[in-house]
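Biologist: I am new to this structure and would love a close look at one part of it. Please pick a residue to start from, show me its surroundings, and then lead me on to other places that deserve attention.

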Amino acid sequence: MTRVLRAAALVAVAGLAASCAVGSGGFNGKPADVYSIIPTQADVRSLMGDNNWWEGVPSFEVQPLNAASAPATQRYAVSQEYRHIGTDEYLVARYVVFDKAASATTTMTDIQTNYGASPSTPKVGDQVLYYGLQGSGGAPYATRTFVRVGNIVLALIWSRKDRGVTVDMLAKNAKKFAAPLKDLSKVHAKLRAADPKSLPPPGLQITLLGSAEMPIEAFMVMSLSSLPETILAVMRNAGITTFAYGDYALNNDTHMEVQTALFTFSSNTDATDWAAAFSPGKPDGQGIAFDYFPVSGTPAAGVYHFVFSSGRYGAFLICKSSVDGEAASRECEDQVHTAALGWKLALGGLG
């Protein structure tokens with residue numbers, strides 16, 4: 001995704017405390033500003049020396065998502081995932097903005113208490129912590145790097161299939177992701193929300209956190225496609241190059257995150273064919289197909305997928321835990337189905 005698209009195409013953020021003043025002169029911007037400085041897919045491919053790294057959709061951790069568990073000193077967080085196609089490897093960057101630098105420093109102290117001693121060099125930002133952990137699956141060599149810059153803590157989670165990760169390798173990644181933070185106060189992203197008609201209509205089931213126009217490549221990561229390049233070619237052949245993305249909190253369980261994607265096809269037939277190909281099962285009597293998919297862990301954590309078409313529109317919804325490795329709540333089933341049905345009816349009036 002190009003930086004122009006990232007800065008200009010994204011992020012209507014609902015209900016933010018981001019406009020409040022920061023007590024100790026730390027960063028006082030909005031989630032869109034943070035998102036605009038996150039390395040792009042091209043940046044990560046260059047960093048890793050591999051063009052098989054693909055960028056997913058962002059998560060905007062603003063209220064009410066995780067309202068019950070987020071620290072009172074945390075204003076918001078923005079995270080971005082990248083997947084190494086052909087492997088189980090992934091990289092996740094999470095930027096947490098605190099109310100003041102002292103709160104961010106306390107968080108770093110807590111991390112060190114939990115994980116133990118860390119090398120102090122190479123130096124990155126105001127403070128850095130490096131950790132290697134044993135994971136599982138096809139990329140079992142997990143690392144955690146934490147960097148504090150002022151009142152922001154960057155967490156980098158990198159899971160690899162190969163041994164031999166060095167602190168210098170972690171520092172190289174950390175410098176790439178943390179370097180833009182020093183000039184973040186000068187960044188003012190141009191906000192352009194996804195068309196509200198391309199998002200689920202306001203209701204009682206989900207609360208909007210942020211929205212975006214995303215390149216179609218991001219959908220391959222979002223949907224956990226097993227054949228990303230094949231599906232990408234099919235979508236492009238159908239004339240789809242971007243999609244409207246929405247990020248939501250599930251109101252009945254704000255630990256759950258709901259992500260939506262809407263595609264506008266050239267014909268009703270194309271939309272119907274797409275929904276049939278992507279449906280996780282047979283559509284119900286209301287034309288919505290959904291199912292639960294195990295994705296990781298033992299016992300397997302999983303997510304819910306919902307798919308439908310309406311006229312020349314195809315819609316895809318995911319309900320998942322906001323914490324990786326946890327199973328999606330059963331609250332997703334009825335609540336997201338109701339939201340999907342309302343969206344389907346609303347799209348029917350767009351023509």
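Modeller: Happy to! Leaving aside residues up to four places away in sequence, Val78 touches Pro31, Val34, Tyr35, Ile38, Ser59, Phe60, Ala93, Arg94 and Tyr95. Please keep in mind that this is a predicted model. Val78 belongs to strand S3, which covers residues 74-84. Its relative accessible area is 0%, so Val78 is buried. One more distance helps to place it: the C-alpha atom of Val78 lies 8.6 Å from that of Val97, although the two residues are 19 apart along the chain.

Now step back along the chain to the loop between strand S2 (59-61) and S3, where you will find Pro64. The peptide bond that joins Gln63 to Pro64 is cis, with omega at about 10°. Asn66 is found in the loop between S2 and S3 as well. Its phi is near 60°, a positive value in a residue that is not glycine. Asn66 has 12% relative accessibility and therefore counts as buried.

Each of these backbone features has a counterpart further on. Thr121 and Pro122 are joined by a cis peptide bond, here with omega near 0°. Pro122 sits in the loop that runs between helix H4 (101-115) and strand S5 (127-134). As for positive phi, Leu224 has a value of about 55° without being a glycine. You can find Leu224 in the loop between H6 and H7. With a relative accessibility of 44%, Leu224 counts as partly exposed.

H6 and H7 bring us to a helix that packs against both. In helix H8, residues 268-278, the buried residues are Ala271, Trp274, Ala275 and Phe278. They span an arc of only 95° around the axis, which puts them on the same side of H8. A general rule is useful here: an α-helix has 3.6 residues a turn, so residues three or four places apart point the same way. The face of H8 turned away from the buried side carries Thr269, Ala276 and Ala277, which are exposed. What do the buried residues of H8 pack against? Their partners are helix H6 (216-222) and helix H7 (228-237), together with the strands S10 (256-264), S12 (301-310) and S13 (313-321).

Strand S13 gives us our next link. Cys319 forms a disulfide with Cys332, and their sulfur atoms are 2.0 Å apart. This pair links distant parts of the chain, since Cys319 is in strand S13 and Cys332 is in helix H9, 13 residues away. The torsion about the S-S bond is about -60°, so the disulfide between Cys319 and Cys332 is left-handed. Cys319 has 0% relative accessibility and so counts as buried. Cys332, at 0% relative accessibility, counts as buried too. The count for this model comes to 1 disulfide.

Let us finish in helix H9, residues 331-347, where Gln335 is found. Is Gln335 buried or exposed? At 18% relative accessibility it counts as buried, because the cut-off for buried is under 20%. Setting aside residues up to four places away in sequence, Gln335 touches Gln205, Leu250 and Asn252.

Key
Residues numbered from 1 in each chain as written. Predicted model: local features only at pLDDT ≥ 70, side-chain atom pairs only at ≥ 80, totals over all residues. Heavy atoms only, no water. Buried < 20%, exposed > 50% of the residue type's maximum accessible area, 1.4 Å probe, protein only. Helix = DSSP H or I, 4+ residues; strand = E, 2+ residues; numbered from the N terminus. Arc of directions from axis to C-beta. Contact = heavy atoms within 4.5 Å. Disulfide = S-S within 2.5 Å.
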